[in-house]
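User: I would like a close look at the sheet in this model, taken strand by strand.
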Amino acid sequence: MKSHRQLPAPLVAFVVAVVVALGFALYTRHAWEDYWITFRVSRNLATGHGLVFNVGDRLHTFTSPLGVLLPAVASLLTANSSDMAALWVFRVMSATALGGAAALLVRTARHVHFGRVATFFLVAWLVTDAKILDYTINGMETAFMMLFLAYALSSHTRADPRGWRHLGAAWAGLMWTRPDSFVYIGLLAAGFWLFNDPQATRMTRTQLLAYYMRAGLVTTVLYLPWLVFAYSYFGSVVPHTVLAKSGLGSAHTLVGFLTSTVQLPFELFPQGSTPARAFLPAYYMIGGWPPVLLRLGTMAGTLCTLLWLVPRLRVEVRVASFAFFGAHAYLSYFPNYAYPWYLPSTTLLAFVALSGLVQLASGRTWTRWIATGAAAGALGVAGWTTWQVAREVAAQQRLVEDGNRRRIGEWLRANATPGQTVFLEPLGYIGFYSGLKTYDFPGMSSREVVDARRRVGNDWNVLIRYLHPDWLVLRPAEITRLSQRDSLLLRTDYAVMREFSVADAVATSGVHGRLSLMSDARFTVFRATRP
């Protein structure tokens, strides 16, 4: 009798994640606004103009080194002949990275002796999470955060005295992906040190610190070349995007951070806390989604925030929960807003903690059935939500991105004079397709805007009068705000040239979350009337 060999579980997880991600991409065709901000730099690099947004201006206008370099490679692979082909090459890279994350999570599950059920839900939740899938294929660096975070978890849980090499490589990968990854590196390391199980790690806490020191040396060797390059090329290792976003919101203090951290698990107000948002559609708070999603997200977020406080839980559950809590303490306080593409990294940590609970409940029949039923219910909700998000972002791409913002950029390219400037907030599509010098708020592509904000503040009326851009691209709410504060600006200094609107099509699209699409459904383009 022939034996049937099964495919290795990590390979199965890899293939499933890649197929699901590419399927999501084929259906939605979604390309995120921020991708085109970065890709303008990537394309300039690929075409020999340097790692710059505006040719000749060495300004660090991107956040992720991998997020700008890999799209440049993708463009080179297409011989710089097609921006959309380059995007698809980058999507394949990203889907492959997500597949690698899924495979590494299976390995981690084996390291900590998860059963098949817990391992299944760990991977299934990963590949059915709406934000993880969308930000994997829409041009963001999210999939690489998933990959290196899963690599770090795998390296932490393997009982290998030489595993510090892998851990250091994982940390370096995280830093190459996002410069604030030191938060996740520190939280995971602190968690495994605090909850250290010497029988599992075969190390005392003192030995673990030495282990981390060796890993840190590997990270330094692998990441230092980027820091040296950034300093020599841009004059600073701090991205200009970080500087541009500083000065928004209230000042940060240690007391304020500690107060925010203590209050975090109890933030159950109507729009939910950042832990709840880890499980919810990107801009659910704008409306259009069933209220039950908020309740379920709040329950899951609160549970994952508090599990690390429970003694005798599995080490990996407590560590993942501790890192989830710490990451949300950071995201709730320090960024001016916890943008949805920041959240998938915390969602992965939550899935590790929750799958650990499923494994913990497998010891008795009745608890196993309860845990499996609850996990299956959560998977069903995630699947439904992801399908609805796919419908939403497909409509967003068709109507708002290609049908509105890209058209505005192309119209400006056809009607503006090279060298003219445009003031706007949504920088991506309009900035890329117009090719103009952009005065975006808060100034991610422009040192002039950041300098102006330091001189005259953040009021748009004052900034526009100070900078005197040739063009303005404004939403209705922005026009109203400008007119209320300065009734003459848009009447005497600028003239309406054209309105771009897909509001009626968005209103009748019938997708959940369409209220969030309405914010970019109508724009008015103004031109300066005075030289």
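How many bridges join β3 to β5, and do these strands run parallel or antiparallel?

Analyst: β3 and β5 are antiparallel and are joined by 4 bridges. This is a predicted model, in which local features need pLDDT of at least 70 and side-chain atom pairs count only at pLDDT 80 or more, while totals for chains, interfaces and linings use all residues. Residues are numbered from 1 along each chain as its sequence is written, and side-chain values use heavy atoms, without hydrogens or water.

The β3-β5 pairing belongs to an open sheet of 5 strands with mixed pairing, in the order β2-β1-β3-β5-β4. At its edges are β2 and β4 (494–501), each pairing on one side only. From one strand to the next the twist averages 20°, with axes fitted as lines to C-alpha atoms and angles taken from 0 to 180 degrees between N-to-C directions. Strands here are DSSP runs of E with at least two residues, helices are runs of H or I with at least four, and both are numbered from the N terminus. Two strands count as paired if DSSP finds at least two bridges between them.

Start at the β2 edge. β2 (residues 437–440) runs parallel to β1 (residues 421–424), and 4 bridges join the two. Within this pairing, Phe423 has Tyr439 of β2 as its bridge partner. The connection from β1 to β2 involves helix α19 (residues 428–434), and the three elements make a right-handed β-α-β unit. Right-handed means that, with the strands pointing away from the viewer, the path from the first strand over the helix to the second runs clockwise.

After β2 comes a cis peptide bond between Phe441 and Pro442, with omega about 20°. Most peptide bonds are trans. Pro442 is in the loop that lies between β2 and α20 (447–456).

Back in β1, Thr421 and Phe423 point one way, Val422 and Leu424 point the other way, and all of them are buried. Buried means under 20% relative accessible area, exposed over 50%, and partly exposed in between, for a 1.4 Å probe and protein chains only. In a regular strand the side chains alternate between the two faces of the sheet.

On its other side in the sheet order, β1 meets β3. β3 (residues 471–474) pairs with β1 in the parallel sense over 2 bridges. Here Val422 faces Trp471 of β3. Trp471 also stands opposite Arg527 in β5, so the link can be followed from β1 across β3 to β5.

β5 spans residues 522–528, and because 5 of its 7 residues are buried, this strand is largely enclosed by the rest of the structure. Its pairing with β4 is antiparallel and comprises 7 bridges. One pair of opposite residues is Glu499 and Thr524, the latter in β5. With β4 the sheet reaches its other edge.

Two backbone details lie in loops elsewhere in the chain. Phi of Ala79 is near 60°, a positive value in a residue other than glycine. Ala79 sits in the loop between α3 (65–77) and α4 (83–111), and counts as exposed because its relative accessibility is 62%. Arg312, also not a glycine, has a positive phi near 70°. Its loop connects α15 (291–306) and α16 (315–333), and Arg312 is exposed, with a relative accessible area of 83%.
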